[in-house]
Each structure stands twice: as structure tokens, then as C-alpha cells.
Amino acid sequence: MSTPFPLTGPVGVLLEQDVDTDIIYPARFLLLTDKHGLGQYAFSDRRNDGDFPLPLDASRPILVAGANFGCGSSREHAVWALHDFGIRAIIAPSFGEIFYTNCTRNGIVPICLPQDVVAALAARDGETLTVDLEACRVTGEGLDPIEFDISAGHREALLNGWDETDRIVALYGEQIDAYERRQQAGGLWL
Amino acid sequence: MGRTLYEKLWDAHVVAEDGDNTLIYIDRHLLHEVSTPQSFEILRQGGHGVRRPERQLAVADHSVPTQDRAQGIADPQARDQIALLERNCAEFGIEYLALDSADQGIVHVVGPEQGFTLPGLTIVCGDSHTSTHGAFGALAFGIGASECGTVMATQCLSQSKAKTMRVTFEGRLAAGVSAKDMALAFINAVGAAGAVGHAVEFAGEAVSALSMEGRMTLCNMVIEAGSRTGLIAPDATTFAYVEGRERAPQGADFGKACAYWRTLASDADAVFDREIVIDASAIAPFITYGTRPDQSVPVDGRIPASGEADDKALRYMGVSAEQPMDALAIDHVFIGSCTNGRIEDLRAAASIAHGRKVAEGVRALVVPGSGRVKQQAEAEGLDRIFVDAGFEWREPGCSLCVAMNNDRLPAGARCASTSNRNFEGRQGAGARTHLMSPAMAAAAAITGRITDIRSMAR
């Protein structure tokens, strides 16, 4: 999935800590075997709470979130659901590790920034920010540009919309063959 | 400088350096019905085959019913999802353990009991509790559905190397305290995100003394501290468990394998990025009070004071700051899951249930982790003990750990559970989960209240 960068759009905010993937995408909807159209199930047990802060109407491509966002279950449905209602970048102090990888596989840029920087961005609920993945920078009106780190591999894949499976097959076919030959020679129990 | 167990496993599986990541070879892939439909789509769309079908093993667990299986699966979505796994496996040449087979069960129970899980391997599954297999000294971690597709097509994943953390449990556990309490104590000590980015190796006297079942319980829950990978060095206990299992190396190969597996332990001079020491002898039975697995206290403790406790979690759980946990009334009990659905767990629960009755108004389920666990339990008469006491004896599956099948709790229900997550809605929208050990859950079933197992021991 390719996303045009730089990405410019309004910010949504969900600053609660430890929002797990069960909250993002409750388990009862895991019976669905498609990955498209899942946005309608996102935050199902939260979205009708009076104090739920995030508009779920595809109007907020950039999400500013609390620490350990996407912790817990590996369900990629959580990422597909967020993508389905338009989220293309998530800025948080930290992420669940599997969720982080799932984001990079699906055209969502996960951006780790220090807690105080995230808190400052959260004050801009509804305002427009730009995520420049080429330059690894978040910019906005009246905001000193904020640099962020992302691995070169993830950055390239997100910028180019590369499919990871195709990439490995194309680049490393011979090395995988060679590894398997070495392994066969060394370990009979495999 | 010496290397850690994690570093040895990593080094043995490097296929190529891949920019700022490393391409790692994946020896084994476990599949279940929930995280793989979209993975097989990746194969079809990309025109990929499964590179090494014999390195994959599939079984349905998350959405399977745990009763009345002879009548088929009532929920059409679950029925379709399980049928799809079976069809996908047939199309791509992957072995599928059928729902009516005695081998069916939770992936993380089935893999080890079949000898599919072995020391020294890399093992992945589209499930965050894949860390369970690290109990054997395998590099095992949960992945997403897209990664499952990549593994089937290439037998590889591009990964960044984790930092290392060693958690040493010094001394011995007291009576009535189990591996589950060690896991909850560890998570409480480091926090729900305390081990993010780290591969966690468990060591020390109390870890060495654990059975493989206990070691699996401990490694199973590292994801609840944010780590994808738990590890324990393979030793004589490991080898004794693996020997003779049908997918494990046999005869002379087993001896050669053991010789290699013995080299995997962290070197004496290996340096970990982080070291934590926990006094095992001081651990009491642990219980969670909130909606994160690190929100826990010893059973004889109290919920933290207002301001320290997470008020939102307390509101959801219907408990108050500074409330004692002991004697809190429960109405449901769940004994099972990839954390605590193995034979030793059922024995511990049965030893409490034996000759007693489930309290009035309490519904208590015992869900074995696999068909083999169920058979073993029945051979030992554990099923009779549970049924006579008023527990429901079910067919194997994930059941109330994930509440994807028809085992779901109503809003407001309060459950003493041996599972791994007390997240909001985990056992049903609005339901409340208290995590604890199998013996503690059985005790709660009998008294209808959170009960210190040490007061009931016989």
C-alpha cells in the first residue's frame, strides 16, 4: 500500500496510554477473513463513549497517541482498521512492537517521539501537520520542525510502497538457497 | 566477550545483512485460522508458493467451539473461517490438524507436545503469545498476518536485533506459588511496556526448578511486558521433555541435537543490556486488579491508593483504590489458555477442586489446551474431579482467553481467569478479568471469592 508523502492533514488525538489492539479492534470482529472495510469496527466498544476523543470519519490522517500504543495482540486487523478510516501516520512515545511492524507493512508511518514532544503535538488537535517521510520531519504552522528516526528499510518501503515479500524474493533468493544448504549440511533434525 | 542465548540463536539464523536490518531464517511457522486468511491472499496475489511446506503446521484454535462439536459449528463466521484454513492448507500443501483429531489444540500447546517446537530453532506464528516456545531455548516471536505471508513465501523475515534483558529469579518458590505468579511478578516489576525492544532471558534457581509446562507459562507472558521474545536455556529438563516426541529428532540424531543444544546457554561472560533480579522466595500468589497485566498485587495486598492507581481501570473493573483483593466476589472462572491450559495446570486446579463444590452462582469452565492434554487429564481422572465439583469440562481451544467463539462473558461479569490478558472487553464487552494461577482460579470457584490459595492447601 503506497501513501503519498509528504502527508499533510489534520491531527486526531488519543493520548491514553497502553491502548491495546483489543481496544482498537475487538476480538469478536476477528472472525472476518477480509482486510478491507474494517474501519467500521475500530474502537467499537469505545466509539460511543461520550468522552471518546477521536473522530472516526477519515478526516484525521495523522494520529497523536499515548505511550505503548498498539500493545498486546498481534492482530493486523487493528492496523487495517485504522488505515481504512484514513490514518496514515501515528505519532506516539512508544508502540507495541508487532503493531509497529504491522504499520510499516500497510502504509502507516509509525513515528516515535519523546513524551513531551508528543504532548505538545496533542495540543494541536484538529490542526494541520505535515509528515515529511523523505526528510524524516514533522512540520506545522508555528512549529519548529521535529526530526524523527525510522529505519532506512521501513522508510524506503513506505515511500516506495514496496511489498516486503517481493523485495526479499528479488534481493535474497540466492542467499536463502545458500543458507538452506548450510543448514541441511549441519543439522539433521531440521 | 561471550554471547547470550539470544545472540547465539540470532547468529545461527542470519541469512544476509539487509541494510540496517538483518534477514533471519525462520525454521518453523505455526498457523491458526484467525491470522492467516490474509496471509494466503498475499501468496495468491504475489504468485508465490509456500517455499518449505514441511516447516509449517496449522491448527484451528481461536474460534473453535468448546462444546457440542459433533453437531458442527453453529456460528457461520467461525465455521467459514475454520473451513478456509483447511482449504488454504490443502491448496498450499501445509499439514492441518483437523478439529476432530485428538491432536487439535491451541497452537502454543500443540507445537511443543508434538516436538515441532525444539531448542535452537526460530519459530514464528501470527500470535503474540508465540514467545511461549522460547521456554525451549528457541527464538520464537509473534508476527502479523503480512509477515506470515512473507514467511511462507521466503522462510525469512527482515528484523532488527533486540536488546537483551536477563531476569534472574533467586531462591525457591514458596508452597502454593507457581510459574504464573512469577510471570505476574515480573510484569509488575518492569511494567506493561518495560521490556519493549528486549529479548528476555529467564534464569536462576526458581527457573531451573520449573517443569517445561511452568517454563512455557513464564515465557508466554513476556509480551505483557512488551517483549516479543522470552527465553530459557535448554537443559536436562528440556531434553527429557523433547525426547521421544514424534517430530523431534530420534535415536542418534537426538544425541547430536542435544550436543548442539547444550552449547546454546548464555556464556558466563556474556553481557546483557539490562539485568533484573527477583527474590522468588518472596513471591506470593499474584492477582491483577486492573485492565493491564502489570496492574497486579499479591493476593493478600490492596489496590494502590488513589492517584497511584489508574482510575479509569478501577472504574472499568468496579473496584476502589486501597480495596483488599482477598474476598472480592467473582461469578465466573476460566481455567485454560496457552498460558495455563497444560496438564500440570489442570492437576494444580484439580487438587483444589477435589472433593469440593463450585460456589452457588459461579460458572466455572475448564478448557484443556489440546486434545492430548484432555486425554491425559481424563486418564488421570481429573475430568471427574472437575465435573463432580460442578465445573464444566470442555473441548480444547482458546475459549474465554480471547472470547472469539461462543464462550463470552456478559457485561459486568467478574472472572477469575488463568489467561494472559485482563484488557477491557477481553472476555466479552464490559466483562472484568482478574488474572491468576490455576490453583487460585480453582479456589475462587469453590469459595465464590478471590481466595489466598495458601489458606486452602491440603
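Here is a short chat about the contact between chains A and B and a run of strands in chain A of a predicted model.

Student: Before we start, what should I keep in mind about numbering and confidence?
Tutor: Residues count from 1 along each chain as its sequence is written, while chains are lettered from A and ligands numbered from 1 in the order in which they are written. As the model is predicted, local features need pLDDT of at least 70 and side-chain atom pairs count only at pLDDT 80 or more, but totals for chains, interfaces and linings use all residues.

Student: OK, how many residues does each chain put into the contact?
Tutor: Chain A brings 41 residues and chain B brings 58; a contact needs C-beta atoms, placed from the backbone, within 7 Å.

Student: Which helix of chain A gives the most to that side?
Tutor: That's H6(A), with nine residues. Helices here are DSSP runs of H or I with at least four residues, strands are E runs with at least two, and both are numbered from the N terminus.

Student: Switching to the strands, how do E5 and E6 of chain A run?
Tutor: They run antiparallel, with four bridges joining residues 128-132 to residues 137-140. Strands pair if DSSP finds at least two bridges between them. Val131(A) has Val138(A) as its bridge partner in E6(A).

Student: And what's in the turn?
Tutor: Four residues separate the two strands of this hairpin, and Cys136(A) in the turn has a positive phi of about 55°.

Student: Where does Val138(A) find its bridge partner in E7(A)?
Tutor: At Ile146(A). E6(A) and E7(A), residues 143-147, pair in the antiparallel sense over three bridges. They form a hairpin with two residues between them, where Gly142(A) has a positive phi of about 70°.

Key: Contact = placed C-beta atoms within 7 Å.
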